[in-house]
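Here is a short tour of the bound molecules in one structure. Have the 3D view open as you read, and let us start with the metals.

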Amino acid sequence: MEFSIKSGSPEKLRTGALIVGIYESRKLTAAAAALDAASKGRIGEITGSGDMEGKAGSTLLLHKLPGVAAERVLLVGLGKEKEFGAREYRDAVAAAVRALRDTGASDAVCALADEAPRKSGGARALRQAASAVLDVLYRYDTHARHKKDESRALAKMAFTLPKKCSASAAEEALVQGAAIGHAVAFTKTLGNLPPNVCTPTYLAEQALELGRKSGIAVTVLERADMQKLGMGSLLSVSAGTRQPPKFIAMEYRAGKKADAPVVLVGKGVTFDSGGISLKPGEGMDEMKYDMCGGASVLGTLQAIAAMKLPINVVGLIPTVENMPGGAATRPGDVVKSMSGQTIEILNTDAEGRLILCDALTYAERFEPACVVDIATLTGACIIALGHVTSGLMANDDALADELLAAGQSALDRAWRLPIWDDYQEQLKSNFADMGNIGGRPAGSITAACFLSRFTKKYKWAHLDIAGTAWKSGKDKGATGRPVPLLVNFLLERAGKL
Ligand code: BES
Ligand code: MN
Ligand code: ZN
């Protein structure tokens, strides 16, 4: 997909499809009014006929409008003008692209610029629009027999320039939006790949390839390396599988040498059967998505490298498969983490925290400005926040606020839960420094409390993406979240937002 900025009066734009907005109820936007005038009132006739009322998400495709240079005009409903904000704008662009996807148009111009929310001069809206276009056009076809027909696909998309936006700011926003969109797609594909393909070894290879393409320095620690480091907790999770564990470390350093890096830590369980505490069979296939935190770290690093952000970022991905087997960890086993703290494993299905804790200890060596871990950690998070909002927990209020704001501006929201000390007692064990589960009440919080015991040396936040990393049902598939949140967080830190 090629993105660009286009100026000129709407009726004169030569393009396969021109997208213009209609508000409820039948109110023409400036661009739609220009087409109406050029076509001697055709748009008004159509809205008057009841075929396009301006309802949010509705679209109507018109061919060869008299007086209009574009081959097609796509009317898109914007909903109530008073309620039109960043989210509605993004959704309107997405609806338009969904409608154009199945037409013969190979290029389009989106003339919704004047409607875009004016915050940051419209650049933010353009960034969102570009990533929304790629989001809609994403298709997983690695193992599908019917590959998409590329010859007829929408390949070029231009946007009219928002009023108060400079051309250079608009171009930069499109570059950023494309980087985010490609990163989301990469993250989705890693998630969607079957667990017999996307193994820890495969993730490590993907990281190495990203390193080769982007100049990010990548190292992969093997089992023996992890044994030497004392990562007994991480290694206990992979005891029951034939798949060798990997510990991926990626260093992107484009900031000042002296600047402490942001460290991102992503849970990379490529399949979570539960281990000896085996999960029920129904829906177990979806536990291939248990590496989506790790995939979001890969995606985020790909995006910031594409944008050449002047910032230092380290990505760590502990990656394992959690399987039952003759050598698997048993409930009751006690293991020693890299930090020296011992853990009684009371449930082998609470494995995410067991790999993250050693990665969080490893993170200390980077003397980080802050550490953010991203994990499909608890089913309880879905009960608390559903599939709408990621859970956020942190030992630092300023860092939490930064991440909440990044999620807000990326339309990829998170909400904070407390990790007060009162919850820590649920992790008490009679046989080790702590147990790995805290019982049913506040399951997401006690999981974060477990992690907090390994993050005392730095500012830390934890994103529980159990509810947001993928969708179930007929639209089953990875979402690529929280890549938009993470990229916005880093854009802001690099002074580029
Ligand atoms: N990967 C799961 C969490 C999960 C479950 C994410 C369902 C998305 C959908 C995690 O490893 C897990 O199994 N957590 C347990 C923890 C419990 C044993 C304390 C859970 O949430 O049930
Ligand atoms: Mn589990
Ligand atoms: Zn898991």
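## A shared aspartate

In this predicted model, Asp272 forms a bridge between the zinc ion (ligand 3) and the manganese ion (ligand 2), and these two ions lie 3.2 Å apart. With Asp272 found, you can follow the other donors of each ion in turn.

## The zinc site

What does the protein offer the zinc ion (ligand 3) as donors? They are Lys267 through NZ, Asp272 and Asp290 through OD, and Glu351 through OE, at 2.0 to 2.4 Å from the ion. To find these residues along the chain, look for the spacing K-x4-D-x17-D-x60-E.

The zinc ion (ligand 3) has six donor atoms, with angles of 78 to 176° among them, and its site is octahedral. For reference, ideal octahedral angles at a metal are 90 or 180 degrees.

## The manganese site

For the manganese ion (ligand 2), the protein donors lie 2.1 to 2.2 Å away: Asp272 (OD), Glu351 (OE), and Asp349 with both its O and its OD. Along the chain, the donors of this ion are spaced D-x76-D-x1-E.

Is the site of the manganese ion (ligand 2) regular or irregular? There are six donor atoms here, their angles run from 71 to 167°, and the site is irregular. An octahedral label needs opposite donors over 155 degrees apart and all other angles between 65 and 115, and anything else with six donors is irregular, so the manganese site has at least one angle outside those limits.

## The surroundings of ligand 1

Now to ligand 1, which has 17 residues around it; Lys279, Asp290, Asp349, Glu351 and Gly379 come nearest. By class, this shell is made up of seven charged, six nonpolar and four polar residues. Some names will be familiar from the metal sites: Asp290 and Glu351 are among the zinc donors, and Asp349 is among the manganese donors.

Which contacts can you pick out on screen? Lys279 has a polar side-chain atom 2.9 Å from an oxygen atom of ligand 1. Asp290 places a polar side-chain atom 2.9 Å from a nitrogen atom of ligand 1. Thr376 takes part through its backbone, with an N or O atom 3.2 Å from a nitrogen atom of the ligand. On its own, ligand 1 has 520 Å² of accessible area, and the protein covers 78% of that. The space that ligand 1 takes up is the second largest pocket.

How values were computed
Residues are numbered from 1 along each chain as its sequence is written. Chains are lettered from A and ligands numbered from 1 in the order in which they are written. This is a predicted model: local features need pLDDT of at least 70, side-chain atom pairs count only at pLDDT 80 or more; totals for chains, interfaces and linings use all residues. Side-chain values use heavy atoms; hydrogens and water are left out. A residue is near a molecule or strand if one of its heavy atoms lies within 4 Å of it. A polar contact is a pair of N or O atoms within 3.5 Å; within protein, one must be able to donate a hydrogen and the other to accept it, and residues adjacent in sequence count only if both atoms are side-chain atoms. Accessible areas come from the Shrake-Rupley method with a 1.4 Å probe; for residues, only the protein chains shown count as cover. On a 1 Å grid over the protein atoms alone, a cavity is a set of points where a 1.4 Å probe fits but cannot get out, and a pocket is an open set with protein on both sides within 12 Å along at least five of seven lines; lining residues have an atom within 4 Å of a point. A molecule sits in a cavity or pocket if more than half of its atoms lie within 2 Å of its grid points. Ala, Val, Leu, Ile, Met, Phe, Trp, Tyr, Cys and Pro count as nonpolar, Asp, Glu, Lys and Arg as charged, and the others, Gly among them, as polar. Donors are N, O and S atoms within 2.8 Å of the metal (3.2 Å for Na, K and Ca); water is not among the atoms, so sites may look incomplete. Four donors count as tetrahedral if all angles lie between 85 and 135 degrees; four count as square planar and six as octahedral if opposite donors are over 155 degrees apart and all others between 65 and 115; anything else is irregular.
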